[in-house]
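User: Hey, I've just opened this one and I'm new to it. Can you walk me through it?

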Amino acid sequence: MNFNIRRNELVEIFSEFINILKDNPIKPIISGLKIESNNGKVTFTGTNLDINYIKTIYCETIEDGVVIFKPNLALEYIKLLDDETINLSSKNDILSIHLAEFTLLYNDNFPENLKLPLVDEIAKISPQELYKSFERTKFSVAPSTENLAINCIRTLFREDRISFVSTDSYRLTYLKTDNNSLLEKDFSIPLESVNILCKLIKDLNEDITIGSNGENLIFLWKNTYFLTKVTTLPFPNFDAILCGNSFSKEMEFNYNDFKSALKKVLTVARTSNESKNGAILEFKGKKLSISASSGKAKINQKVDMIKNGDDFKCSLNIKFLFEFVENLNNNVFIKGNTSSAMFEITEGDNSSYKYILMPLALRD
């Protein structure tokens, strides 16, 4: 194998695959990146068995061939080079990159048929829309893989919309977009796959085609193929939580003032050993008082509000509240009934982006 490639392009490609490749003591070949040079094009292939990623580029190929190696050390080396074009060539068990040599892995056990055909095309979406939707919902995904059923973003494809839902059982985020779908299907995309995909599409300028192949979800864009296995465990029934709720109290806050107050209270609340991130919110008259204390400090912030309903007091996880609010741009609305019932937070009258937050136990 022998080909020339632009240094910046190679750095970008190796960086993308390092997000996916993992050490695998049972099958070490899985930790390797497969590079295949063939008649003017070079194909890079990597997998961790849950995600397959394949990228093809067109460049000057001198000799066709296939190699597999771990790219981590090579990436650090390439970043230090000043040359605009880099040569990669292989001989025996060595891959030469510029003036350095790297040991190859034996390729006889590398998985085959990683690029499955797209059986059902579901939708096309802009990378900015997909990236933004994931970012605005993934913060409330259960972070641990101990409960795979909620360690994911539930993505619902409908004829007139694509919706995204996440929950960690203490809160729930719902986001509806106006994108159209060709088929009506639901998938639970693992958080790890969402995080990797967000890194890959963040600066992309070309629409993404989304499709499926059995229990796999496939994302396609220019010369790039991304496949992720989906979670098949049942996702919680969130429709019953989102629909049919009526609230006796509604409070409206200026976005900047409310966000600033939450951020200040969080600096103290996060240090509390007794109730980490917990704070007391007292809705009284036209003012909201937010207070928190720890063994090191106490804090109280007041925010103007417009309130409909009786005065009341509750305890909320301020970190959870802040994580949703920082995704907004306009006035914040909080709806509730009692200190022990769930709260609904929205941005104005926008029903396309909702947040359900369960309260903490109110301490005297």
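Analyst: Sure, we'll start with the overall picture and then go through some helices and strands. Keep in mind that this is a predicted model.

User: Okay, how many helices and strands are there in the protein?
Analyst: The protein has seven helices and 26 strands. Its C-alpha atoms fill a box of roughly 80 × 50 × 35 Å along the principal axes.

User: And what share of the residues counts as buried?
Analyst: Of the 364 residues, 52% count as buried. If you take the contacts with a separation of 6 or more, 66% of them are between residues 24 or more positions apart.

User: Let's look at a sheet. What's the order of the strands in the open sheet of five?
Analyst: The order is 5-1-7-8-9, and the pairing is antiparallel. Strand 5 (60-63) and strand 9 are the edge strands, each pairing on one side only. On average, neighbouring strands in this sheet are turned by 20° against each other, ignoring direction.

User: How many bridges are there between strand 1 and strand 5?
Analyst: Three bridges, with strand 1 (residues 2-6) and strand 5 paired in the antiparallel sense. One pair you can look up is N2 with its bridge partner E63 in strand 5.

User: What holds that kind of pairing together in general?
Analyst: Strands of a sheet pair through backbone hydrogen bonds, and they can do so parallel or antiparallel.

User: Which strands does helix 1 lie across?
Analyst: Helix 1 lies across strand 1 and strand 7 (85-91), and runs at about 95° to strand 1. Helix 2 lies across strand 8 and strand 9, running at about 170° to strand 9.

User: Stay with helix 2 for a sec. Which of its residues are buried?
Analyst: In helix 2 (residues 72-79), those are A74, L75 and I78. They sit on the same side of the helix, because they cover an arc of only 105° around the axis.

User: Why would residues a few places apart point the same way?
Analyst: An α-helix has 3.6 residues a turn, so residues three or four places apart point the same way.

User: Makes sense. What do the buried residues of helix 2 pack against?
Analyst: They pack against helix 1 (7-18), along with strand 6 (65-69), strand 8 (94-97) and strand 9 (100-103).

User: New topic: at what angle do helix 3 and helix 4 pack?
Analyst: Helix 3 (residues 127-135) and helix 4 (residues 191-201) pack at about 145°, and their axes are 10 Å apart. The crossing is left-handed.

User: Which residues make the contact?
Analyst: From helix 3 you have P127, L130, Y131, F134 and E135, and from helix 4 V194, L197, C198 and I201. By class, that's eight nonpolar, no polar and one charged residues.

User: Last stop, strand 26. Why is it largely enclosed by the rest of the structure?
Analyst: Six of the eight residues of strand 26 (residues 350-357) are buried, so the rest of the structure largely encloses it.

User: Which way do strand 13 and strand 26 run, parallel or antiparallel?
Analyst: Antiparallel: five bridges join strand 13 (residues 171-177) to strand 26. L172 has I356 in strand 26 as its bridge partner.

User: And how does strand 25 pair with strand 26?
Analyst: Strand 25 (residues 343-347) pairs with strand 26 in the antiparallel sense over five bridges. There, T346 stands opposite K354. Strand 25 and strand 26 form a hairpin with two residues between them, and G348 in the turn has a positive phi of about 60°.

Notes. Residues are numbered from 1 along each chain as its sequence is written. This is a predicted model: local features need pLDDT of at least 70, side-chain atom pairs count only at pLDDT 80 or more; totals for chains, interfaces and linings use all residues. Side-chain values use heavy atoms; hydrogens and water are left out. Buried means under 20% relative accessible area, exposed over 50%, partly exposed in between (1.4 Å probe, protein chains only). Helices (H or I, at least four residues) and strands (E, at least two) are DSSP runs, numbered from the N terminus. The arc is that of the directions from the helix axis to the C-beta atoms. Contact means heavy atoms within 4.5 Å. Two strands pair if DSSP finds at least two bridges between them. Axes are lines fitted to C-alpha atoms, for helices over the stretch in contact, and angles run from 0 to 180 degrees between N-to-C directions. A crossing is left-handed if the near helix is turned anticlockwise from the far one by less than a right angle, and right-handed if clockwise. Ala, Val, Leu, Ile, Met, Phe, Trp, Tyr, Cys and Pro count as nonpolar, Asp, Glu, Lys and Arg as charged, and the others, Gly among them, as polar.
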